[in-house]
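Work through the exercises below with the sequence and the structure in view. Try each task before reading its solution.

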Amino acid sequence: MSQMKTDIVVSGGGIAGLSLGILLAGAGLDVHLIDAAPPVPKADVSGRTVALMENSLNILRAADIWDDIREHAAPLAVMRIVDESGAEAEFHAEDIGLKQFGFNIPNAPLRDALYEAAKNTKNLTLHMPDALEAYGTGDTIRAKLKSGKEITAALIIGADGRNSMVRKISGIECTEHDDEQSAITCLIAHSRAHNNTATEFHRPGGPLALVPMPGNISSVVWIEPTERAGEFMRLKKDEFTQALQERTKDILGAITLESNPECWPLKTLKAKTLTAPRAVLMAEAAHVISPITAQGLNLSLRDVAALAETLVDAARAGLDIGSVSVLEKYERRRRVDINTRVFGVGGMNKIVSTELAALKGLRRAGLKTVDAITPIKKIAMRIGLAPEIDAGRLAKGQKL
Ligand SMILES: Cc1cc2nc3c(=O)[nH]c(=O)nc-3n(C[C@H](O)[C@H](O)[C@H](O)COP(=O)(O)OP(=O)(O)OC[C@H]3O[C@@H](n4cnc5c(N)ncnc54)[C@H](O)[C@@H]3O)c2cc1C
C-alpha cells in the first residue's frame, strides 16, 4: 500500500478544486488533489457554460489560465430582462464604468485548461481518476483513497461537490431542499447578432436565459418545474427547437440547436458550518444555489480566493494551517457572503418563477422601478453583477 505525506489534501477536482490546488501549490504549499472523474475529453460539446464576473476572472488570472480560455469566452456587456408582458429593463456595464460585467465561458474548456495547468504545477500531485473513501483525524488527517493509497496531511479540503464525501465524513450537517425545478441547457446558433447582450425572460415556472458565446452562438439555461422539463427533454429535435423559438420571442432571430439538450435537477444546499477538525468545506460542497442569477461558481471562486489567502498567510507566518484558529478565520470571512447569496437567490427564484398574482405584480413593479430609477439601477448592478463583498487581494487582481 502506497503511503504519502503532504501539507494539504484537496478532495474534488472540479473548477473550484483545481483552481485552489493551483493557487496553493503555486505559493509553495505541497498539495495532493483527488478527483473521481477522469479528465474532460477534448471533444466535449456540452452546452453548460458559466457567466463569471470580473472579480472571479481575476482569480482565474491568478491561476494563470485566462489566456488559454479567452478565445472560448464572450464578454457580457449588457444584461436585459424581459417579463411575460414584454416589459424590458437593460443594465449596461458602461453605466458603472466597466467595459463588461464579465465573460461567459464553456465549462469543458475551462476545466480542461485548469487540468492542464494543474498537471504542470510544481508541488501539486494529481490522483485522477481516484476517490476519497475515508479519512481519520488526530494531529494530522489520514486520507484513504479507492486505489488503496493513503495520504497524511495537516488539512483536508472538501471541494467534492454537492454530495461531498468530506462533508459526510466530518459530520458537518447541512440544510437542503429540492427546488422542484430543472435546468435545460444547450447551445444555439441564431440569425441575429447578440451584441454581447445576455437576455433573461422571466416567466411563470422559471426563467429562460440566453447568454452570448463567441460568434452568433448563445448558451441557453431554461428552467422549468422538473416534470415539465422532462416533457421538453422527450421532444424530437425539431419540436424542441420550435418550443425554444417560441419562448425566445424571436429576439435572436431563427435558431438552430448546436448541442444536445441536457437536463440538471436543481436544489438548494447550505452547510451549517464550513469547518471541522482539520477539515474545511468550499464551493458546492458548502453551498448549492439555483443558476437563476449565475452566482454559483462566482460565489465558489470567492471561497477559493479566501481559502488560498488565509492558508498561504498562515503558512508564511509559520502557523499550523489545519489549526482551529486558522480555519475559523476562513469561516468568519465567508459567512456573510454565503448566507446573503443562498437566501437572496432563493427569494429571487420565488419572485421570478411565481404564478401567484401578488408576487407577479411585485416582479413587474420591481422591474419597472429598477429600470426607471438610475441610482437604484446602479446599486442593483453593483450588488448583483460586480459584487465587492469579500473582494480580497486575488479578486482585486493582486498577487497571492
Ligand atoms: C445549469 C447550470 C448553469 C450554471 N450557470 C452558472 C453561471 O452562469 N455562473 C456561475 O457562477 N455558476 C453557474 N452554475 C454553477 C456552477 O456550474 C457550479 O457552481 C460549479 O460547476 C460547481 O463547481 P464545483 O467545483 O464546486 O463542483 P463540481 O463541478 O461538482 O466538482 C466536484 C468534483 O468533485 C469530484 N468528487 C466527488 N466525490 C468525490 C470523491 N469522493 N473523491 C474525489 N473527488 C470527488 C467530482 O468528480 C467533481 O469533479 C450553474 C449551474 C448549473 C446547474
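**Exercise 1.** In which sense do strand 10 and strand 11 pair, and over how many bridges?

Solution. The model used here is a predicted one.
Step 1. Find strand 11 at residues 141-145 and strand 10 at residues 132-137.
Step 2. The pairing of strand 10 with strand 11 is antiparallel and has 5 bridges.
Step 3. Check individual pairs. Y135 has A143 as its bridge partner in strand 11, and G136 stands opposite R142.
Step 4. Look at the connection. A hairpin of 3 residues leads from strand 10 to strand 11.

**Exercise 2.** Describe the link and the pairing between strand 11 and strand 12, then sort the residues of strand 11 by face.

Solution.
Step 1. Strand 12 covers residues 150-153, and 4 bridges pair it with strand 11 in the antiparallel sense.
Step 2. In this pairing, K144 is opposite E150 of strand 12.
Step 3. The hairpin of strand 11 and strand 12 has 4 residues between the strands, and G148 in this hairpin has a positive phi near 100°.
Step 4. Recall the general rule: side chains in a regular strand alternate between the two faces of the sheet.
Step 5. Apply the rule to strand 11. I141, A143 and L145 form the covered face, while R142 and K144 form the uncovered one.

**Exercise 3.** What is the order of the 4 strands in the open sheet, and which strands stand at its edges?

Solution.
Step 1. The order in this open sheet is 1-12-11-10, with mixed pairing.
Step 2. Strand 1 (3-5) and strand 10 (132-137) are the edge strands. Each has a single partner strand, so one side of each has no neighbour in the sheet.
Step 3. From one strand to the next, the twist averages 20°.

**Exercise 4.** Explain why strand 17 is described as largely enclosed, and identify the strands that pair with strand 17.

Solution.
Step 1. Strand 17 runs over residues 217-225, and 7 of its 9 residues are buried, so the rest of the structure largely encloses this strand. Buried here means under 20% relative accessible area.
Step 2. Strand 14 is joined to strand 17 by 9 bridges, and the two run antiparallel. One pair is I188 with S218 of strand 17.
Step 3. Strand 16, residues 208-213, is joined to strand 17 by 6 bridges, again in an antiparallel arrangement. Here V211 stands opposite S219.
Step 4. Strand 16 and strand 17 form a hairpin with 3 residues between the strands, where G215 takes a positive phi near 80°.

**Exercise 5.** Are E200 and I65 buried or exposed?

Solution.
Step 1. Place the residues. E200 belongs to strand 15, residues 197-202, and I65 sits in the loop between helix 2 (54-62) and helix 3 (66-69).
Step 2. Apply the cut-off for buried, which is under 20% relative accessible area. E200 has 18% relative accessibility, so E200 is buried. I65 has a relative accessible area of 0% and is therefore buried.
Step 3. Add the surroundings. The side chains of E200 and H202 share a polar contact of 3.0 Å. The C-alpha atom of I65 is 9.4 Å from that of S19, although these residues are 46 apart along the chain.

**Exercise 6.** Describe the shell of residues around the ligand.

Solution.
Step 1. There are 30 residues around the ligand, of which D35, R48, A51, L297 and N298 come nearest.
Step 2. Sort the shell by class: 17 residues are nonpolar, 9 are polar and 4 are charged.
Step 3. Sort the shell by element. Helix 1 (15-26), strand 4 (49-53), strand 14 (174-190) and helix 8 (296-316) each give at least two residues. Strand 4 provides the largest share, with 4 residues.
Step 4. List distances to ligand oxygen atoms. A backbone N or O atom of I15 is 3.5 Å from one, and a backbone N or O atom of A16 is 3.2 Å from one. For E284, a side-chain N or O atom lies 3.2 Å from an oxygen atom of the ligand.
Step 5. Finish with the area. The ligand taken alone exposes 1000 Å², and the protein buries 85% of that.

Definitions and conventions
Residues numbered from 1 in each chain as written. Predicted model: local features only at pLDDT ≥ 70, side-chain atom pairs only at ≥ 80, totals over all residues. Heavy atoms only, no water. Near = heavy atom within 4 Å. Polar contact = N/O pair within 3.5 Å; in protein donor to acceptor, adjacent residues only side chain to side chain. Areas by Shrake-Rupley, 256 points an atom, 1.4 Å probe, with all protein chains shown as cover. Nonpolar A, V, L, I, M, F, W, Y, C, P; charged D, E, K, R; others polar. Buried < 20%, exposed > 50% of the residue type's maximum accessible area, 1.4 Å probe, protein only. Pairing = 2+ DSSP bridges. Axes fitted to C-alpha atoms, helices over the stretch in contact; angles between N-to-C directions.
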